[in-house]
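Colleague: I have a few questions about how the terms are applied here. Could you show me the model and take me through the reasoning?

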Amino acid sequence: MHKRLVARDVMNPEVITVAEDLTVKELATVLTDQEISGAPVEDSTGRLVGVVSLTDIVRAASLGGDRVIDARAHAFFARGWEESVDAEELEELHFDNGDEQLLVRDIMTPSVFAVDEEVEVPHVARTMLDSHLHRLLVVRDQRPVGIISTSDLLQLLADQPDEEDGP
């Protein structure tokens, strides 16, 4: 009998998170340096409090810090294939909010799509399909321990041995 795979078995344990009190300018640097389009946001205790993406940065710069929240369509979860990050374009944006610097907590989406590390893979796949997500955070005690993307699930499928035809 085969052991049922759980989220921990297929997740990528390398999750880049950002602090909620990081300035948006610092966030732009992290995203471009890491060549990622977004990241989960943690509070000072390491608890997930939201997600933030390049889309949020651009929206904040164009709306003067006002945010429009649509967690179901958030770019961090919904973007399928990574797009290149143009550091020069980000540098042209203005990140001020009056006299103080705009912070990640000011522009993040305060909701997170996540599953516990012990959730079985079919449930992970169903959650991603039902919610139209391309990535899902994996948590242990509400702290991020990994991330699963559609690519991870496709790799799992591709790695399955071919079944031999019967006699």
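Modeller: Gladly! Let me start with a term: a salt bridge is a side-chain nitrogen of Lys or Arg within 4 Å of a carboxyl oxygen of Asp or Glu. By this rule there are six salt bridges. Please keep in mind that this is a predicted model.

Colleague: What makes Glu 118 and Arg 8 a salt bridge?

Modeller: Their closest N and O atoms are 2.0 Å apart, and the cut-off is within 4 Å, so the pair qualifies. The two residues belong to distant parts of the chain, 110 residues apart: Glu 118 is in the loop between strand E6 (114–116) and H7, while Arg 8 is in helix H1 (residues 7–10).

Colleague: Why is Glu 118 called partly exposed?

Modeller: Its relative accessible area is 44%. Partly exposed covers what lies between buried, under 20%, and exposed, over 50%, so Glu 118 falls in that class. Arg 8, with 34%, is therefore partly exposed too.

Colleague: How do you know that Arg 59 forms a salt bridge with Asp 56?

Modeller: The closest N and O atoms of Arg 59 and Asp 56 are 3.3 Å apart, which is within 4 Å, so the pair counts. Both residues lie in helix H3 (residues 54–63), three residues apart, or about one turn of the helix.

Colleague: And what makes Asp 56 buried?

Modeller: Asp 56 has a relative accessibility of 4%, and buried means under 20%, so the word applies. Its partner Arg 59 has a relative accessible area of 27% and is therefore partly exposed.

Colleague: Why is the contact between Arg 140 and Glu 117 called a salt bridge?

Modeller: The N to O distance between their side chains is 2.7 Å, so the rule of within 4 Å is met. This pair also links distant parts of the chain, with Arg 140 in strand E7 and Glu 117 in the loop between E6 and H7, 23 residues apart. Glu 117 is buried, because its 9% is under 20%, whereas Arg 140 is partly exposed at 40%.

Colleague: Why can such side chains pair?

Modeller: Side chains of opposite charge can do so when their charged atoms come close.

Colleague: On to the backbone. What makes the phi of His 132 worth pointing out?

Modeller: The phi of His 132 is positive, about 55°, although the residue is not a glycine. His 132 sits in the loop between helix H7 (121–131) and strand E7 (135–140). At 60% relative accessibility it is over 50%, so His 132 is exposed.

Asp 141 also has a positive phi of about 55° without being a glycine, and its place is the loop between E7 and strand E8 (143–149). Its relative accessibility of 64% is over 50%, so Asp 141 counts as exposed.

Colleague: How do you know that E2 and E3 pair?

Modeller: Five bridges join strand E2 (residues 38–42) to E3. At least two are needed, so the strands pair. E2 and E3 run antiparallel, and Ala 39 stands opposite Val 52 in E3. The open sheet has three strands in the order E1-E2-E3, with mixed pairing.

Colleague: Why are E1 and E3 called edge strands?

Modeller: Strand E1 (18–19) and strand E3 (48–53) each pair on one side only.

Terms used:
Residues numbered from 1 in each chain as written. Predicted model: local features only at pLDDT ≥ 70, side-chain atom pairs only at ≥ 80, totals over all residues. Heavy atoms only, no water. Helix = DSSP H or I, 4+ residues; strand = E, 2+ residues; numbered from the N terminus. Buried < 20%, exposed > 50% of the residue type's maximum accessible area, 1.4 Å probe, protein only.
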